[in-house]
Amino acid sequence: MKIDEKYYRTIWPNITADLHKNDAILSVEIIDQTMLPHRFEVKAINSLQGMVAAIKTMQVRGAPLIGAAAAYGMALAVHENASDIHIEKSAKALLQSRPTAVNLAWAVKRMQQHLKALPQEARCNAAWQEAALICEEDVQMNHAIGQHGLSLIQTALTKNGKNTVNILTHCNAGWLATVDWGTALAPIYAAHDAGMNIHVWVDETRPRNQGASLTAWELGKHGIPHTVISDNAGGHLMQHDQVDMVIVGADRVTSKGDVCNKIGTYLKALAAFDNKVPFYAAVPSPTIDWTIQDGLSDIEIEMRDADEVSYMIGLASDGSIQSVRVTPEHTHALNPAFDVTPARLVSGIITERGITTPSALKQLFK
Ligand code: MRU
C-alpha cells in the first residue's frame, strides 16, 4: 500500500551483494509498528536474534506478518550457519517468540522442510527465495480475500438501502498485519477502491491499541472514513443500527471454524449475534490449524506482560513518546492477548478460496 505516494510492503529483504560471497551485506527491513502512528520508522534486522526480538516486542505483529518475519528469520539464521543443528536451534527460538498465531509455526515448519531437503551449500539462496515466496503468496491470498469480501459489502449496500456501509473491526488486521492488503481490511480497501461508501468503526483494542494506533493510521493514509471507538462501545452501536457488519482477522482458526483473535473479539461476536449483525472473520489458509478442532481447549493463549495493561503509551505534548501509568501503583493486572470466538457465533469465514460457513470450511480446502 502507499504511504505518501510511496509503495511499501511491511517487510522486505535488503540484499546488497551476491549471496554466495561472504561479504554480502544482508538485512531484512521492517516498519517498526511500535512507533506508529507517531513516527514512520524503517528498521533493519540483521540476525535471527534481532528478528526474534522484533516479533516478541511487536515491532512486527499480526498473524500473517509474523509468519513472513519468521521465514526471513530462518533465512538470516541460515545465512549465518546452514547446518542441520543450527536450523533446528533457530526454528526453536522463533517458535518460542509468540505462541498463538499459527502462521509463525506454519512458516517455520515450511522453511525447515524446504531447507533440510537440500545440500548445505544450496540452503542460503533457497532460504531467501522461500521466504520471498511466502511473502508473495500472502499478498496474493489477501488480495483474493479482498475481492471475495467485496461482494459481502456490495450486498450490504443494496440490502440496507443506505448510502454508506458501516463496518466494525477489532485490532489491526490491515496491511500492517500482513505483507500487504490485510485480511479484515482487504475487502474494505477493495470496496473503497471500487467507489463504494464505507465507514469503519475502529475498536481502540486495549491494551496495545492496535486499532487506535495502527488501523486508524492505515485507513487514514488510504482516505477511508473511520471513527475510533472505545472497546466497549460496539454493542451500543449495534443496538442502534449503526453497524452493518463486523469483519475481524484471526490468529488461528480451528478445523471446525472456531476463531482465535485479539482479546475482545469474542465480546464483539456476542453483541453481533444478539443484534443479528453478521460477523465475519477474514482468514488466509496459513491461519487455519487443521490439526485442532476445539479452539477453547486446544489453542495456547499468549499471556503478555501485565505492564501493557497498567501503562499506556502515547505522544506527549513535547513530541516524545511516553509511557504513563493508568492503574494504582500496586494493583495487579492480567493480560491475556487473545480469545476464542466459537464457530456458532461466526456468520462466515472469508478465505482466498471464497466465503464459507465455519461448518463448511473443510470442504472448501479439500
Ligand atoms: O498481538 P497482535 O497485534 O499480533 O495481534 C494481531 C491480531 O490479533 C490480528 O487481529 C490478527 O493477527 C489478524 S491479522 C491480519
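Helices (DSSP runs of H or I with at least four residues) and strands (DSSP runs of E with at least two) are numbered from the N terminus. The structure is a predicted model, in which local features need pLDDT of at least 70 and side-chain atom pairs count only at pLDDT 80 or more, while totals for chains, interfaces and linings use all residues. Residues are numbered from 1 along each chain as its sequence is written, and side-chain values use heavy atoms, with hydrogens and water left out.

We can begin with the backbone in the loops. In the loop that runs between β7 (198-203) and α7 (210-221) lies Pro-207, and the peptide bond leading to Pro-207 from Arg-206 is cis, with omega near 5 degrees. Another cis peptide bond, with omega of about 10 degrees, joins Leu-36 and Pro-37, and Pro-37 is found in the loop between β4 (26-31) and β5 (42-45). Asp-4, in the loop between β1 (2-3) and β2 (6-7), has a positive phi of about 45 degrees, although this residue is not a glycine.

Next comes the ligand. There are 19 residues around the ligand (each with a heavy atom within 4 Å of it), and those that come nearest are Arg-61, Arg-98, Asp-251, Asn-261 and Lys-262. Polar contacts here are pairs of N or O atoms within 3.5 Å. A polar side-chain atom of Arg-61 lies 2.5 Å from an oxygen atom of the ligand, whereas for Asp-251 the corresponding distance to a ligand oxygen atom is 2.7 Å. An N or O atom in the side chain of Asn-261 is likewise 2.7 Å from an oxygen atom of the ligand. On its own the ligand has 420 Å² of accessible area (Shrake-Rupley method, 1.4 Å probe), and the protein covers 100% of it.

Two elements, α2 (63-80) and β11 (259-262), are those that give two or more residues to the shell around the ligand. At least three residues of this shell come from each of domain 1 (2-136) and domain 2 (152-364), with the domain bounds taken from an automatic or database domain assignment.

How values were computed: A polar contact is a pair of N or O atoms within 3.5 Å; within protein, one must be able to donate a hydrogen and the other to accept it, and residues adjacent in sequence count only if both atoms are side-chain atoms.
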